[in-house]
Amino acid sequence: MFKVTCFAPITPDKLWDGLKGLQFTKKKEGFEWYLDGHVFRIEPFKNQSRTNMKGYRVYFNGSIDGAIFLYDFALSWINPAITGIEFSLSHSNITSQDWIKDLMSRSSFSTVDTKGIFKKGPIGIVVVNNEVVIQLRSSKGSQLNLMPSLKQIESIKEELKPVEDDLFSMLEEGVAI
């Protein structure tokens with residue numbers, strides 16, 4: 001699931017007023033849009049700043065194109081400043097040690113700490129609790145552009161995703177005669 005951290009000059013109550021008509025439902029944690037197994041959830045920080053900028057985490061699964069559409073649809077009117085984007089990748093048969101060994105064997109990733117911290121360009125990769133967290137953070141005083149940032153994370157996610165062979169993937173490769 002993707003997690004976007006952003007800040008906007010609007011209180012959670014005023015945000016809810018704007019989301020009511022967009023088929024969002026109010027939950028204990030925040031505001032949620034759900035359809036066909038896909039979730040787009042906006043959670044206000046539990047301890048909000050007293051300044052004018054309020055913090056929110058946006059969680060979503062599904063395609064990044066759909067998420068960008070929903071993000072623009074639901075949040076573009078508050079002009080949020082995006083400061084971080086994460087994706088958590090896990091696989092039932094892969095442990096933290098397996099992930100670390102795999103990442104250390106790839107020349108395109110640089111090792112920051114052999115206990116599970118890696119980098120590839122501006123993207124940080126952290127192995128924790130049998131999953132890989134792919135992170136992109138803005139530098140102090142700046143913000144991230146959503147679409148290119150999501151695409152960068154998506155490309156690393158696809159690179160790290162284990163290839164699973166099944167009967168149908170074997171058929172697609174074809175047989176030489």
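**Helix 3.** I began with helix 3 of this predicted model and looked up which of its residues are buried. In helix 3, residues 96–105, I noted Ser96, Trp99, Ile100 and Leu103 as buried. I then viewed the helix down its axis: the buried residues of helix 3 fall within an arc of 95 degrees, so they line one face. On the face turned away from that buried side I found the exposed residues Gln97, Lys101 and Ser105.

I next asked what covers the buried residues of helix 3. The cover includes strand 6 (81–90), strand 8 (117–120), strand 9 (123–128), strand 10 (131–137) and helix 4 (146–160). As for orientation, I recorded that helix 3 lies across strands 6, 7, 8, 9 and 10 and runs at about 145 degrees to strand 9.

**Helix 1.** I put the same queries to helix 1. Leu15, Trp16 and Leu19 are its buried residues. Down the axis of helix 1 they occupy an arc of 100 degrees, so they line one face of the helix. Asp13 and Lys14 are exposed on the face turned away from the buried side of helix 1.

The buried residues of helix 1 pack against strand 2, strand 3, strand 4, strand 5 (54–60) and helix 2 (64–75). I also noted that helix 1 lies across strands 2, 3, 4 and 5, at about 30 degrees to strand 3.

**Sheet.** I traced the strand order. An open sheet is formed by 10 strands in the order 2-3-4-5-1-6-10-9-8-7, with antiparallel pairing. Which strands stand at the edges? I found strand 2 and strand 7 (110–113) there, each with a single partner strand, so one side of each has no neighbour in the sheet.

I then inspected one pairing within the sheet. Strand 1 (residues 2–8) runs antiparallel to strand 5, and seven bridges join the two. In this pairing I located Val4 opposite Val58 of strand 5.

**Core.** I turned to the largest nonpolar core, which has 47 residues; Phe24, Phe40, Ile42 and Leu160 touch the most other members. Helix 2 gives the largest share of this core, seven residues.

I examined two of these residues separately. Phe40 is found in strand 4 and is buried, with a relative accessible area of 0%. Leaving aside neighbours within four places in sequence, I listed the contacts of Phe40, among them Phe24, Phe31, Trp33, Val58, Phe60, Leu70 and Tyr71. I checked the pair Phe40 and Phe24 further: they are 16 residues apart along the chain, and their C-alpha atoms are separated by 9.0 Å.

For Leu160, residues up to four places away in sequence were not counted. I found that Leu160 touches Leu89, Trp99, Leu103, Arg106, Phe109, Ile125, Val132 and Ile134. Two of these, Trp99 and Leu103, I had already entered as buried residues of helix 3.

**Backbone.** Last, I looked up positive phi values. Most residues other than glycine have a negative phi. Gln23 has a positive phi near 65 degrees and is not a glycine. I placed Gln23 in the loop between helix 1 (12–19) and strand 2 (25–26). Is Gln23 buried or exposed? Gln23 counts as exposed because its relative accessibility is 66%, against a cut-off of over 50%.

Asp36, also not a glycine, has a positive phi of about 50 degrees. I placed Asp36 in the loop between strand 3 (31–35) and strand 4 (38–44). Asp36 is exposed, with a relative accessible area of 69%.

Definitions and conventions. Residues numbered from 1 in each chain as written. Predicted model: local features only at pLDDT ≥ 70, side-chain atom pairs only at ≥ 80, totals over all residues. Heavy atoms only, no water. Helix = DSSP H or I, 4+ residues; strand = E, 2+ residues; numbered from the N terminus. Buried < 20%, exposed > 50% of the residue type's maximum accessible area, 1.4 Å probe, protein only. Arc of directions from axis to C-beta. Contact = heavy atoms within 4.5 Å. Core = buried A, V, L, I, M, F, W, Y, C linked by side-chain atoms within 4.5 Å. Pairing = 2+ DSSP bridges. Axes fitted to C-alpha atoms, helices over the stretch in contact; angles between N-to-C directions.
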